[in-house]
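Okay, thanks for squeezing me in, everyone. Let me put the model up on the screen and then we'll walk through it together.

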Amino acid sequence: MKEFDYIIVGGGCAGLSLAYELEINEKLKNKTLAIIEPRAEYKKDKTWSFWKVAAHNFDDCVKKNWKNFSINIPKKTNHLECNIYPYQSIDSGLFYKKVNSKLKENNNISFFKDISEISSKNSFVFNSVPSIKKDHRNLWQHFCGVEVETKNDFFDDEIFNLMDFDCDQRESVHFFYTLPYSKTTALIETTWLSKMNDESQKDYDTQIKDYVENHLNLKDYKIIYKEEGAIPLFYPTNEKVRNKINIGTAGGMTRLSTGYTFLNIQEHSRYIRENIENIAHAKKYKISNKYQFLDEIFLRVLEKHPEKMPEIFFKMFKASPKTVIKFLSNKSNFFEDLSIIFRMPKLTFIKALFY
Ligand SMILES: Cc1cc2nc3c(=O)[nH]c(=O)nc-3n(C[C@H](O)[C@H](O)[C@H](O)COP(=O)(O)OP(=O)(O)OC[C@H]3O[C@@H](n4cnc5c(N)ncnc54)[C@H](O)[C@@H]3O)c2cc1C
């Protein structure tokens, strides 16, 4: 069976980002790479959005940038600016097309549907398939979004809505998220932070219809795209194996308090590329312990007091937007961390240390 220097298991966001990073930096000129991906065809299946706090390779796949955003709870709205770190949305369809056409130019890169088609015993493996046990104690961010199109101008495409908590909470944490791509199109998502054991939260279509028609007051529209997903707010349990690194969600690249993963994947890809010659001995790349610790406390509070979360998120964004964005994107310094921590209800968070 054929052997390869490197194997990437899973040609999704992390697998393709890594392959692209290696390819454009000429790390695959004299090395062979196999990408294992079972999907029959690539089509747009996700929209990856984030504050651009670091450079990445996919500016030409950006669907839209925003410099303003809002967050609301019932009867209160906060408008914020993000000029320094604009919020970006990447169209996964454009991303898959760009990466795959580049990778196909290099004969050292081969694609397979299943790892059993090749020999992996002498290869270095980058695995992006998470091992996730179905456990009802775990928290998830689960959501469904639709892209709607209107005949007449309806949306203000200068500002996106990060979180609208003015909706049915059902003793959980629930918000809507609206990304207006133009005056006539927007992605509208219903998002839950919960244990996923409550099937009644999954009537996503009804939730979205009610929000669009009765909250946004938009009656004449059509749905042109739909995406659904669930991001684990816990670290997958992929075992440690010699000559294997986990990447993407499997590699712990999700920020647990927010679900943001895309930019961490890009930074991890860059780190691997910089260390590729000695990758078996390179230090493990991870989201820093500081954020892991703070996110764990945050999620404990969320689990115990879901009813407090709208106010907590709202208060967090009362800090300077630059500070909150840096904090949520793993780029904050000690003083910026403190300015966020001081806005949290102290007793609730101190108690959460001991749950
Ligand atoms: C709908 C959705 C929207 C998201 N939006 C955002 C966002 O706005 N911002 C953000 O930062 N993050 C977002 N995320 C989180 C995260 O960025 C994405 O999940 C991202 O795709 C994670 O990349 P990944 O490579 O780890 O996983 P994936 O992109 O899911 O890639 C894993 C790949 O492995 C393949 N695979 C599965 N089983 C096997 C197998 N046995 N062998 C080989 N291959 C296999 C799959 O087909 C898939 O292509 C979103 C997640 C979802 C689900």
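So, which of the 29 residues around the ligand come nearest? The ones to click on are Gly10, Gly12, Ala14, Gly229 and Gly248. Before you get attached to any of this, remember that we're looking at a predicted model.

Staying with that shell for a moment, four elements give it two or more residues: helix 1, strand 3 (47-51), strand 14 (221-232) and helix 4 (262-274). Strand 3 has the largest share, with four residues. If you're thinking about chemistry, the shell around the ligand splits into 13 nonpolar, 12 polar and four charged residues.

Now, domains. The protein is cut into three: domain 1 is 6-44 + 92-132 + 236-281, domain 2 is 140-232, and domain 3 is 289-352. And which domains each give at least three residues to the ligand shell? Domain 1 and domain 2 both do.

What about domain 2 and domain 3, then? Their C-alpha centres are 24 Å apart. They do touch, with six residues from domain 2 and five residues from domain 3 in the contact. On the domain 2 side, that's four nonpolar, one polar and one charged.

Okay, helix packing. Helix 1 already came up at the ligand, and helix 1 also packs against helix 4, at an angle of about 40° and with the axes 9 Å apart. Because of that angle, helix 1 counts as oblique to helix 4. The handedness of this crossing is right-handed. Helix 1 brings Cys13, Ala14, Ser17, Leu18, Glu21 and Leu22, and helix 4 answers with Phe262, Ile265, Gln266, Ser269, Arg270, Ile272 and Arg273. By class, we get seven nonpolar, three polar and three charged residues in that contact. Notice Ala14 in there, by the way: it's also on the list of residues that come nearest the ligand.

Helix 1, residues 13-24, has another partner: helix 2, residues 92-103, where the axes come within 10 Å and cross at roughly 45°. So helix 1 is oblique to helix 2. Here the crossing is left-handed. The residues of helix 1 that take part are Leu16, Ala19, Tyr20 and Glu23, and they meet Tyr96, Val99, Lys102 and Leu103 of helix 2. How do the residues of that contact divide by class? Six are nonpolar, none polar, and two charged.

Last stop, further along the chain. Helix 7 is residues 321-328 and helix 8 is residues 334-341, and they pack at about 105° with 9 Å between their axes. Is helix 7 parallel or perpendicular to helix 8? At that angle, which falls in the 65 to 115 degree range, helix 7 is roughly perpendicular to helix 8. From helix 7 you have Thr323, Val324, Lys326 and Phe327, and across from them in helix 8 sit Glu336, Asp337, Ser339 and Ile340. That contact comes out as three nonpolar, two polar and three charged residues.

That's my tour. If you'd like to take something away for the next time you open the file, start from Gly10, Gly12, Ala14, Gly229 and Gly248 around the ligand, then follow helix 1 out to helix 4 and helix 2. Happy to spin the model around if anyone wants another look.

Notes: Residues numbered from 1 in each chain as written. Predicted model: local features only at pLDDT ≥ 70, side-chain atom pairs only at ≥ 80, totals over all residues. Axes fitted to C-alpha atoms, helices over the stretch in contact; angles between N-to-C directions. Parallel < 35°, antiparallel > 145°, perpendicular 65-115°, else oblique. Contact = placed C-beta atoms within 7 Å. Nonpolar A, V, L, I, M, F, W, Y, C, P; charged D, E, K, R; others polar. Left-handed = near helix turned anticlockwise from the far one by under 90°. Domains from an automatic or database assignment. Near = placed C-beta within 6 Å.
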